[in-house]
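Reader: I have a chain open on my screen and no idea where to begin. Can you walk me through it?

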Amino acid sequence: QVQLVESGGGLVQPGGSLRLSCAASGNFFSINLMGWYHQAPGKQRELVATITPGGTTNYADSVKGRFTISGDNAKNTVYLQMSSLKPEDTAVYYCNAIIQKSALPRDYIYWGQGTQVTVSS
């Protein structure tokens, strides 16, 4: 069974910083992509950033220049460094991973439980 465990959310003032972590555990063949999504109240879940094992990154326009995604392949862990936080960044942040469970070329999508990020003075 594959699990994604997130940590690092909390309350921060506008302009502040937070770092989220997400570690994948369990039995699997490879991780093909990891990333972060967020969901604000009453809104759909949206992409924040993704990273491949080779380090290729992709960001939503709303976070470019403020957020940085990074990964540690040896630890099966992805990080999201969030800086210059704005009230509109307030949301539940979900870790996402696309995982190949065996040598068969079939991907499975996994989600973490979510961690609340609140940006408020």
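Reader: Which share of the contacts with a separation of 6 or more comes from residues 24 or more positions apart?

Author: Residues at least that far apart, 24 or more positions, account for 54% of those contacts. Contact here means heavy atoms within 4.5 Å. Keep in mind that this is a predicted model, where local features need pLDDT of at least 70 and side-chain atom pairs count only at pLDDT 80 or more, while totals for chains, interfaces and linings use all residues. Residues are numbered from 1 along each chain as its sequence is written, and side-chain values use heavy atoms, with hydrogens and water left out.

Reader: How many helices and strands are there?

Author: The chain has 0 helices and 11 strands. Both are DSSP runs numbered from the N terminus: helices are H or I with at least four residues, strands are E with at least two.

Reader: Why call it as compact as a globular protein of that length?

Author: Because its radius of gyration is 14 Å, close to the 14 Å that the globule rule gives for 121 residues. That radius is taken over C-alpha atoms, and the rule is 2.2 Å times the number of residues to the power 0.38. Along its principal axes, the C-alpha trace spans about 50 × 25 × 25 Å.

Reader: What percentage of the residues count as buried?

Author: Of the 121 residues, 40% do. Buried means under 20% relative accessible area, exposed over 50%, and partly exposed in between, with a 1.4 Å probe and protein chains only.

Reader: New topic. How many aromatic pairs does the structure hold?

Author: It holds 1. Tyr 37 and Trp 111 make up that pair, edge-to-face, at 5.1 Å centre to centre with 70° between the planes. Rings of Phe, Tyr and Trp (its six-membered ring) pair if their centres lie within 6.5 Å; planes under 30 degrees apart count as stacked, over 60 as edge-to-face and the rest as tilted.

Reader: Where in the chain are Tyr 37 and Trp 111?

Author: Tyr 37 is in strand β4 (residues 30–39) and Trp 111 in strand β10 (residues 107–111), so the pair links distant parts of the chain, 74 residues apart. Tyr 37 is partly exposed, at 22% relative accessible area. Trp 111 is also partly exposed, at 37%.

Reader: Which residue lies over the face of Trp 111?

Author: Arg 45 does, at 4.6 Å from the ring centre. A charge sits over a ring if NZ of Lys or CZ of Arg is within 6 Å of the ring centre and within 35 degrees of the ring normal. Lys 101 lies over the face of Tyr 108, at 4.6 Å from that ring centre.

Reader: And Arg 45 itself, where is it found?

Author: Arg 45 is in the loop between β4 and β5 (46–51). At 32% relative accessibility, Arg 45 is partly exposed. Leaving aside neighbours within four places in sequence, its contacts are Tyr 37, His 38, Gln 39, Tyr 94 and Trp 111. The side chains of Arg 45 and Gln 39 also make a polar contact of 3.5 Å. A polar contact is a pair of N or O atoms within 3.5 Å; within protein, one must be able to donate a hydrogen and the other to accept it, and residues adjacent in sequence count only if both atoms are side-chain atoms.

Reader: Last one: is Gly 65 buried or exposed?

Author: Gly 65 is exposed, with a relative accessible area of 82%. Gly 65 sits in the loop between β6 (57–59) and β7 (67–72).
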